[in-house]
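Visitor: I'm new to this structure and would love a close look at one part of it. Could you pick a spot, take me through its surroundings, and then show me how other parts compare?

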Amino acid sequence: MWVTVAIVVVLLCLIWALTGRPKGLPAGPTCFPIIGNIGLFRPSEATQAHRKFRKIYGDFYSLMIFNRPVIFISGFDNIRQLLVKHGDMFSERPRVYPSEVIAKRKGLAWASGAWWKEQRTFALTTLRKFGFGKRCLQSQVIEEVDCLMDEFEKYEGKPFNIHYQLKISVSNVICSLLFGKRFEYEDAKFHRLMKLLNTLLTVVNFSSPAFIFPSLSRFSIFNFTKAKPTIKALAEFVVERAEEHRETFDENNIRDYIDAYLLEQKQRTTEVNTTFTGGDKPTMEIKDRLPMVDAFLLEVQRLGNILPLNLPHTTKEDFWYQGYLFPKNAIMFFMIDSVLSDPAIFPEPLKFNPERFIDADGQFGGEQKDKMIPFSTGRRMCPGEPLAKMELYLFLTRLLQRFDVEPEDPKRLPSLEGTLGITNMPETFNVRLIKR
Ligand code: HEM
């Protein structure tokens, strides 16, 4: 009997030692045996929960998901130091559900190592050729925004859920770049794809153990099984497009990203000069004269931050920083929200105040602007930044040229709370667009 008790005690101690928080790791909420910190908060509470943890534990804290440490880094200086100065150490992605199950370690966003480096260089060069960072990209965005405005007009000022059309429209910009084709709003196949994508982005959430241990995703209790049909449908959709491209491929007419990829495969050394020529519409040209629009959009990005936790990074080797151990292969979140909601940088952080980005001369600038890192920083910083910024600018300015925007009910403005999947998804709301 005593032997059995002794064995059970030793086993329990072993389990505790193996699944507890390793020595040196930043502090964090108390771990339970085996499960660690699983189930601390719901995805809809994630951002608020992390803000609380930062108040309690400071700029470095950790959670244990079973035996795997997840480390959270807050503060502009720490994030810059680690992602830029120690960029080599922190530029890999961890092996989590999206990298293992969705991307299968290929692609760009979830890949690591030599594969990632090659894809990233190819993406940056190709996108630059398609006008990234240049004004000529705007004609495509403008074409899409104009279609969207026509669509909005159909509602004649009646309230409607703006999400679907907005999503289609933004996705269409990417589709034009990737597949050389935009989709009509009524296109049933595209509609279905949007719905599936929405499911994927909501179901696959950072807070679930199945995110960190992909093999758990097969158990329906973790809800990730819902992601499977989406991944399959997305893969089929992309394969179909690639096949179409292969059949009509002409190396003298590179239409889009897929064509560029096919050409690179065929002839890796030849430089192809494919730029889209822009239309006559001068909107980007007057951007510098509209500092308040820039300030407004930056404030929107600050409060409507879509990746509050950033995408996860991992450590190549054990790494000591300010007395803390970041063990090899730990999952690390360089918390964008900790910067964008930091009262030391942005006084009254919950207040929507675009003026914070206007300097004494009435120009777009100032210290707070330099601390805005919604696209992260360092080697894995978002390569889509120029397009994202151009879209934000063109969608907004052209919307405001055509419509006054009003809430459905002025007493109940849309909520700024979101639900964190991979991205932070806003709650749906209706707006009224009144033609000017
Ligand atoms: C407002 C819009 C956007 C925001 C706030 C945003 C933000 C981010 C952030 C925070 C990351 C993670 C960086 C890191 O790991 O340190 C990221 C990665 C990435 N973004 Fe964006 N992004 C936006 C739009 C776009 C667009 C329009 C594209 C495509 C054209 C894009 C393509 C990517 C890719 C491919 C990665 C992965 C890069 C890598 O792993 O090397 N993003 N983005």
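Guide: Let's start with C382, which is partly exposed because 17 other C-beta atoms lie within 10 Å; a residue would need 20 or more to be called buried. Keep in mind that this is a predicted model. You'll find C382 in the loop between α15 (367-370) and α16. If you set aside its neighbours within four places in sequence, C382 is in contact with F375 and S376. UniProt, in an unreviewed entry, puts the feature "binding site" at C382.

Now look at the ligand. It has 18 residues around it, and C382 is among the closest, together with A109, S376, G384 and A388. So what kinds of residues make up the shell around the ligand? It splits into 13 nonpolar, 3 polar and 2 charged residues.

From that loop you can move on to α16 (385-402), which is among the elements covering the buried residues of α7. Others in that cover include α8 (163-179), β8 and β11. Helix α7 itself takes in residues 138-153, 16 residues in total, and it reaches 22 Å from its first C-alpha to its last, close to the 22 Å expected at 1.5 Å a residue. Its buried residues are Q138, Q140, V141, I142, E144, V145, L148 and F152.

Two of the strands in that cover are partners. Strand β8 (residues 403-407) runs antiparallel to β11, and 5 bridges join them. In this pairing D404 sits opposite I434 of β11. Strand β11 (residues 430-435) also pairs in the antiparallel sense with β3 (residues 160-161), over 2 bridges, and there N161 faces N430 of β11.

Elsewhere, there's an open sheet of 4 strands in the order β1-β2-β7-β4, with mixed pairing. Its edge strands are β1 (60-65) and β4 (313-314), each pairing on one side only. As a rule, strands of a sheet pair through backbone hydrogen bonds, either parallel or antiparallel. Strand β1 and strand β2 (residues 68-73) make an antiparallel pair over 6 bridges, with M64 opposite P69 in β2.

The loop between β1 and β2 holds F66, which has a positive phi of about 50° although it is not a glycine. That's worth a pause, because most residues other than glycine have a negative phi. F66 is partly exposed, since 16 other C-beta atoms lie within 10 Å. Another positive phi turns up at E348, with a value near 50°. This residue, E348, is in the loop between α14 (336-340) and α15. Is E348 buried or exposed? It counts as exposed, because it has 9 C-beta neighbours inside 10 Å.

For one last loop, try S208, between α9 (188-203) and α10 (209-212). S208 counts as buried because it has 21 C-beta neighbours inside 10 Å. Not counting residues up to four places away in sequence, S208 touches F222 and F224. Compare its position with C147: the two are 61 residues apart in sequence and 38 Å apart in space, C-alpha to C-alpha.

Technical notes:
Residues are numbered from 1 along each chain as its sequence is written. This is a predicted model: local features need pLDDT of at least 70, side-chain atom pairs count only at pLDDT 80 or more; totals for chains, interfaces and linings use all residues. A residue is near a molecule or strand if its C-beta atom, placed from the backbone, lies within 6 Å of it. Ala, Val, Leu, Ile, Met, Phe, Trp, Tyr, Cys and Pro count as nonpolar, Asp, Glu, Lys and Arg as charged, and the others, Gly among them, as polar. Two strands pair if DSSP finds at least two bridges between them. The expected span of a helix is 1.5 Å times one less than its number of residues. A residue is buried if 20 or more other C-beta atoms lie within 10 Å of its own, exposed if 12 or fewer, and partly exposed in between; C-beta atoms are placed from the backbone. Two residues are in contact if their C-beta atoms, placed from the backbone, lie within 7 Å. UniProt positions are given in the numbering used here, feature names are shortened, and annotations may be inferred rather than shown by experiment.
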